[in-house]
Amino acid sequence: KDYLKVVEEYPADAAITPGTFVALNSDGEVAAVANEQSGLMVAVEDNFQGKTISDNYATGALVQCWIPQRGDVIYGVLATGQNVAVGAKLAITTGGKLTAVATGTGDTVAIALEAVNAATADARIMARIV
């Protein structure tokens, strides 16, 4: 759910998976981030080219970068090894993926809207930006 429709377009520094958090680098390209300090943009599927959320962007391709606002719902990527319940606090980790926030650590960027077990592989998760 994108209430303000704030989308920018930048070339990809490397392959990017839709649903991951990205930020501009010094070359004016976007790359996956490792934490929320780098910015809060999410690569979304390139539906203008008939692509789906399962189609990664190639290096150099123009990436549709959504700038979510508080309350927006994203379809993000939960990092491998995570098992979260509804209401779990989520932070950004390496590769622009989401990870559970340990008690008292990390900056919460989203709240899980569904229970997801990504024990053996990355998984999609619906989450609300906070």
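These legends walk through several close-up views of a predicted model.

**View 1. Five strands side by side in an open sheet.**
Let us start with the sheet whose strands follow the order S1-S5-S4-S2-S3. The pairing in this sheet is antiparallel. Strand S1 (7-11) and strand S3 (30-32) take the edge positions, and each has a single partner strand, so one side of each is left without a neighbour in the sheet. On average, neighbouring strands here are turned by 45° against each other, with direction ignored. As background, it helps to know that strands of a sheet pair through backbone hydrogen bonds, in either a parallel or an antiparallel way.

**View 2. Strand S2 meets the edge strand S3.**
Here we move in on one pair from that sheet. Strand S2 covers residues 21-24, and three bridges join S2 to S3. The two strands run antiparallel. Which residue of S3 is the bridge partner of Val22? Look for Ala32, which pairs with Val22 across the two strands.

**View 3. Pro11 and the residues around it.**
Pro11 belongs to strand S1, one of the two strands at the edges of the five-stranded sheet. With a relative accessible area of 25%, Pro11 is partly exposed. Leaving aside residues up to four places away in sequence, Pro11 touches two runs of the chain that are easy to pick out: Gly28, Glu29 and Val30, and then Gly60, Ala61, Leu62 and Val63. Asp27 is another useful landmark: Asp27 and Pro11 are 16 residues apart in sequence, and their C-alpha atoms are 9.7 Å apart in space.

**View 4. Strand S12 and its two faces.**
Strand S12 spans residues 123-129. Which residues make up the covered face of S12, and which the uncovered one? Ala123, Ile125, Ala127 and Ile129 form the covered face, while Arg124, Met126 and Arg128 form the uncovered one. Two of the residues on the uncovered face return in later views: Met126 is partly exposed, with a relative accessible area of 37%, and Arg128 is partly exposed at 32% relative accessibility.

**View 5. Strand S12 with its partners S6 and S10.**
Strand S6 (residues 73-78) is joined to S12 by six bridges, and the two run antiparallel. To find your way along this pair, look for Val77 opposite Arg124 of S12, and for Ile74 opposite Ala127 of S12. Is S6 largely enclosed or left open by the rest of the structure? Five of the six residues of S6 are buried, so S6 is largely enclosed by the rest of the structure. Strand S10 (residues 110-112) also pairs with S12 in the antiparallel sense, over three bridges. In that pairing, Ala112 has Ala127 as its bridge partner.

**View 6. A salt bridge between Lys97 and Asp122.**
The structure holds one salt bridge, and here are its two residues. Lys97 and Asp122 form the salt bridge, with their closest N and O atoms 2.6 Å apart. Lys97 lies in strand S9 (residues 97-100) and Asp122 in the loop between strand S11 (116-118) and S12, so the pair ties together parts that are 25 residues apart in sequence. Lys97 is partly exposed, at a relative accessible area of 23%. Asp122 also counts as partly exposed, at 34% relative accessibility.

**View 7. A nonpolar patch on the surface.**
Which three residues form this nonpolar patch? They are Tyr75, Leu113 and Met126, and together they have about 260 Å² of accessible area. Met126 sits in strand S12, on its uncovered face.

**View 8. Arg128 and its contacts.**
Arg128 is a residue of strand S12. Not counting residues up to four places away in sequence, Arg128 touches Gly71, Asp72 and Val73, as well as Val109, Ala110, Ile111 and Leu113. Lys89 is 39 residues from Arg128 along the chain, and the C-alpha atoms of the two are separated by 9.8 Å.

**View 9. Thr93 and its contacts.**
Our last stop is strand S8 (residues 89-93), which contains Thr93. Thr93 counts as partly exposed, at 23% relative accessibility. Which residues does Thr93 touch, not counting those up to four places away in sequence? Val33, Ala34, Ala79, Leu98 and Thr99 are its contacts. Val33 lies 60 residues from Thr93 along the chain, and their C-alpha atoms are separated by 7.4 Å.

Technical notes:
Residues numbered from 1 in each chain as written. Predicted model: local features only at pLDDT ≥ 70, side-chain atom pairs only at ≥ 80, totals over all residues. Heavy atoms only, no water. Pairing = 2+ DSSP bridges. Helix = DSSP H or I, 4+ residues; strand = E, 2+ residues; numbered from the N terminus. Axes fitted to C-alpha atoms, helices over the stretch in contact; angles between N-to-C directions. Buried < 20%, exposed > 50% of the residue type's maximum accessible area, 1.4 Å probe, protein only. Contact = heavy atoms within 4.5 Å. Salt bridge = Lys/Arg side-chain N within 4 Å of Asp/Glu carboxyl O. Patch = residues over 30% accessible without salt bridge, like charges linked within 9 Å, V, L, I, M, F, W, Y side chains within 5 Å. Areas by Shrake-Rupley, 256 points an atom, 1.4 Å probe, with all protein chains shown as cover.
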